[in-house]
Amino acid sequence: MFNIAMISRWHPHAMENRYVNQLKDIPDTKITCVWDFDTERGKVWADELNADFEKDLDKLLSRADVDGICITAPTDMHKDIIIKAARTGKHIFTEKALAMNYQEALEVKAEVEKAGVKLGVVFPRRANREYLYAKKLYESGEFGTVALMRVRNAVTINAVFEEHWFKEEPIGGGGAIRDLGCHNIDLACWILGEPDEINTMTGFTRGFAVDDTGVCNIKFKNGAVAMVDSSFSEPLSNNWYNFEMYGTKMSFISDTKTVTIIRNDDTSKIVNEKEVIDIDDLPEGHKLPIAQWIDACTNGGELVCDIDAGVLVNRVLDAADIACREKRTVKI
């Protein structure tokens, strides 16, 4: 049995029990205890999960019935929690961003590697079958030379996003770019490789203290440009994302339901000669990040959503912050 402690119900995904529900589908896992800096909230959550509440984080990390922790605490707490957990030999699964900045991310990486524990980061786009398919097509050379990638996402504002999510930094570390855009940044880097430079623009149209809309243009070492944009959008009935990738031999366009491939010989085709294919008909993607993490901890399985992904995203986010603040293109 792999025993897990849930660390704070601050994050919206913890409020909706996203990882609690995902763990239900993973055999031989159990939530044994909960910690939260908000004691009342933590006690309520522990009761819901039929788990113990531990007010003292150090005491929780010393428990024999804790093999790993799931962090959904404010981002400005990540560094201290992760380092404490690593030093006590606990495996770590954490919401993004990994840390508040690149320097903190490097410190976390050093401690995790020194301790020899596994750290997984929530980058669920790496589990999507359409993106893995695009990545494999890119790596096999089917795109030719890639000129442009565009990744867009928007998230409905609802009761899950408590007021604190849109307040001043530092607890969450930012708004649309840091919270939503980090997924797009990670996806672009996962497929296109080493980023080179970035420029950034943000919008504050909804009256939040942090950006409600953000756009980054990232140039990669291979010459490709990725346009990544994110927005909190109240009228949506659900979350939305879109992915486009344009090369000299092939273009790849997907939304939340379908994929279309267009080749430069004026034919549009994919597997079985289909112009458009349901995403569900593509080959399987990677496991969900939390399932990857548990498999890596217990069976030595592949961890695609790893600490290096988290460190790189923090590096790009730091450059994006400077680019936006100074209104210029910044080397990454």
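This is a short chat about cysteines, unusual backbone spots and strand pairing in a predicted model.

Student: What should I know before I start?
Tutor: This is a predicted model, where local features need pLDDT of at least 70, side-chain atom pairs count only at pLDDT 80 or more, and totals for chains, interfaces and linings use all residues. Residues are numbered from 1 along each chain as its sequence is written, and side-chain values use heavy atoms, with hydrogens and water left out.

Student: Okay, how many disulfides does the structure hold?
Tutor: Zero. A disulfide here is a pair of cysteine sulfur atoms within 2.5 Å.

Student: Why no bond for Cys-70?
Tutor: Its closest cysteine sulfur is in Cys-297, 12 Å away, and that is too far for a bond.

Student: And is Cys-70 buried or exposed?
Tutor: Buried, at 1% relative accessibility. Buried means under 20% relative accessible area, exposed means over 50%, and partly exposed is in between (1.4 Å probe, protein chains only).

Student: What about Cys-324, which cysteine sulfur is closest to its own?
Tutor: The one in Cys-216, at 8.2 Å. That is too far for a bond as well. Cys-324 is partly exposed, at 22% relative accessibility.

Student: New topic. Where is the cis peptide bond?
Tutor: Between Lys-96 and Ala-97, with omega about -10°. Ala-97 lies in the loop between β5 (91-94) and α6 (102-115). Those labels come from DSSP runs: helices are H or I with at least four residues, strands are E with at least two, and numbering starts at the N terminus.

Student: What's odd about Asn-17?
Tutor: Its phi is positive, about 60°, although Asn-17 is not a glycine. Look for Asn-17 in the loop between α1 (12-15) and α2 (18-23). Asn-17 is buried, with a relative accessible area of 15%.

Student: And what is phi at Asp-28?
Tutor: Near 60°, again a positive value in a residue other than glycine. Asp-28 sits in the loop between α2 and β2 (29-35).

Student: Is Asp-28 buried or exposed?
Tutor: Exposed, at 56% relative accessibility.

Student: Now strands. How do β8 and β9 pair?
Tutor: Antiparallel, over eight bridges. β8 covers residues 195-203, and β9 covers residues 213-220. Two strands pair if DSSP finds at least two bridges between them.

Student: Which residue in β9 is the bridge partner of Pro-195?
Tutor: Phe-220.

Student: How many bridges link β8 and β15?
Tutor: Two, in the antiparallel sense, with β15 at residues 330-331. There, Ile-198 stands opposite Val-330.

Student: Where do side chains point in a regular strand?
Tutor: They alternate between the two faces of the sheet.
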